[in-house]
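Please look over the sequence and the model shown here. The report that follows takes a single loop residue as its starting point and then turns to a sheet, a pocket and the cysteines.

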Amino acid sequence: MPELPEVEALRDFLDDHLVGREIARVLPLAISVLKTYDPPPTELEGTTVTSVARRGKFLDITAGRLHLLIHLARAGWLQWKDSFPATPPRPGKGPLALRTVLSGGDGFDLTEMGTTKRLAVHLVHDPADVPAVARLGPDPLAESFDRDAFATVLGGVRRQVKGALRDQSLIAGIGNAYSDEILHVAKMSPFKLTTALGDEDITHLYDAMRTTLQDAVERSRGVAAGRLKAEKKSSMRVHGRTGQPCPVCGDTVLEVSFSDSSLQYCPTCQTGGKPLADRRLSRLLK
C-alpha cells in the first residue's frame, strides 16, 4: 500500500504536472471507484487545478471549488500519460478505474489490480465531507507535531505500539510497511504496549518515526511514479524481508502473520532475541 512517503512523492509530481492546467474530462471506469455522486465528476470539466495536497494517505486535487480526493488503498496506483487513445476505454475492462484528461491531451489513469476493489475517489466541496479524512490524526512530519504532541497522542490510548502507529485517527499516513521500519530503527517490539512506554522510549520512537519518514520522502523525491513502488521495496530494512539477514546485526528477520497482513521484525534488535508467537493474539514466547 502506498504510504506517506510515496503519496508525498506523487503529490510533488502532480503539483508540477497539474497546477495551472485545465481539466477536460474525468471518466470513472469502475463502478466501485467513485464514492460520491453529488457533485458529479462532469463538474470538474473546464476547471483549473489550483493545488495538490496530501492528507495522510489521501491525495487532494483542488480544481475550482471542488476537491478530488484519491485514496490508492492496497493495490491502487496512479499512472501519468502524455497522451491517450482517441477511443475511450470500455468500463469494467481490466485494472483501469478512472481517467483524468487535461486540455493538452495528457493526464493520469488510476488503476487497481486484483479482485478486491478498495481504491476510492471522492469529489466534494470540503475535504472534511469525507469521513476518513475528517477522522485523520496529525501528520507525523508536520512542524507542529513535536515530541510532546506525539507523547500526548500515545498517552491517550492503550494499544500495541505497531497498531497505534498505523491508526490513522491517531497519526495520519503510516501503514504496515513503515511502522515495521520505524520500530526496527527504534529497536522496539511491535507488541510493546503504549502504556509501557517511558519518556526515553517515546523520544526514541518519535526520533525513529521522523527520521524514517523523512529519509523515505527524500529518497522518493524526483523518482518517476512508475518506479516508486520498486524504490520503496528496495529501501526496506525488515519489512518484506522475512528470512533475510538484518542489516544491523545479521540475525534472521522473522514474521508474524495475520488474516490479512503480516509484520516483520528482527528478534535481536527488537525483542531481546526472543521470537514473537505467530498467532493473532501474539505475545512473547515464554
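In which loop is the place of D126? D126 lies in the loop between β8 (120–124) and α2 (131–134), where helices (H or I, at least four residues) and strands (E, at least two) are DSSP runs numbered from the N terminus. This is a predicted model, in which local features need pLDDT of at least 70 and side-chain atom pairs count only at pLDDT 80 or more, while totals for chains, interfaces and linings use all residues. Residues are numbered from 1 along each chain as its sequence is written, and side-chain values use heavy atoms, with hydrogens and water left out.

D126 counts as partly exposed, because its relative accessibility is 38%; on this scale buried means under 20% relative accessible area, exposed means over 50%, and partly exposed is in between (1.4 Å probe, protein chains only). Its C-alpha atom is separated by 10.0 Å from that of L69, although the two residues are 57 apart along the chain.

**The sheet**

An open sheet is formed by 4 strands in the order β1-β6-β7-β5, with antiparallel pairing; two strands pair if DSSP finds at least two bridges between them. β1 (23–28) and β5 (76–81) stand at the edges with a single partner strand each, so one side of each is left without a neighbour in the sheet. From one strand to the next the twist averages 15 degrees, with axes taken as lines fitted to C-alpha atoms (for helices over the stretch in contact) and angles running from 0 to 180 degrees between N-to-C directions.

Strand β7 (residues 107–112) is joined to β5 by 6 bridges, and these two run antiparallel. Strand β6 (residues 96–102) is joined to β7 by 5 bridges, again in an antiparallel pairing. The table lists residues that stand opposite one another across these pairings.

| Residue | Opposite residue in β7 |
|---|---|
| W80 | F108 |
| K81 | G107 |
| V101 | G107 |

The hairpin of β6 and β7 has 4 residues between the strands, and G105 there takes a positive phi near 95 degrees. β7 is mostly covered, with 6 of its 6 residues buried. Both of its faces are covered, since G107, D109 and T111 on one side are buried, as are F108, L110 and E112 on the other.

**The largest pocket**

The largest pocket has a volume of about 900 Å³. Of the 31 residues that line it, M1, E3, K57, G175 and N176 are the closest to its centre. α5 (176–186) and α7 (228–235) each supply at least two residues of this lining, and α7 gives the most, with 3 residues.

Here a pocket is an open set of points on a 1 Å grid over the protein atoms alone, where a 1.4 Å probe fits and protein lies on both sides within 12 Å along at least five of seven lines, and lining residues have an atom within 4 Å of a point.

**The cysteines**

The structure holds 0 disulfides, a disulfide being a pair of cysteine sulfur atoms within 2.5 Å. C246 is in no disulfide, and the nearest cysteine sulfur, that of C266, is 3.8 Å away. C246 is buried, with a relative accessible area of 4%. C249 is likewise in no disulfide, and its nearest cysteine sulfur, that of C266, is 3.4 Å away. C249 is partly exposed, with a relative accessible area of 37%.

Definitions and conventions
Points joined across faces, edges and corners; volume = space filled by probe spheres on them.
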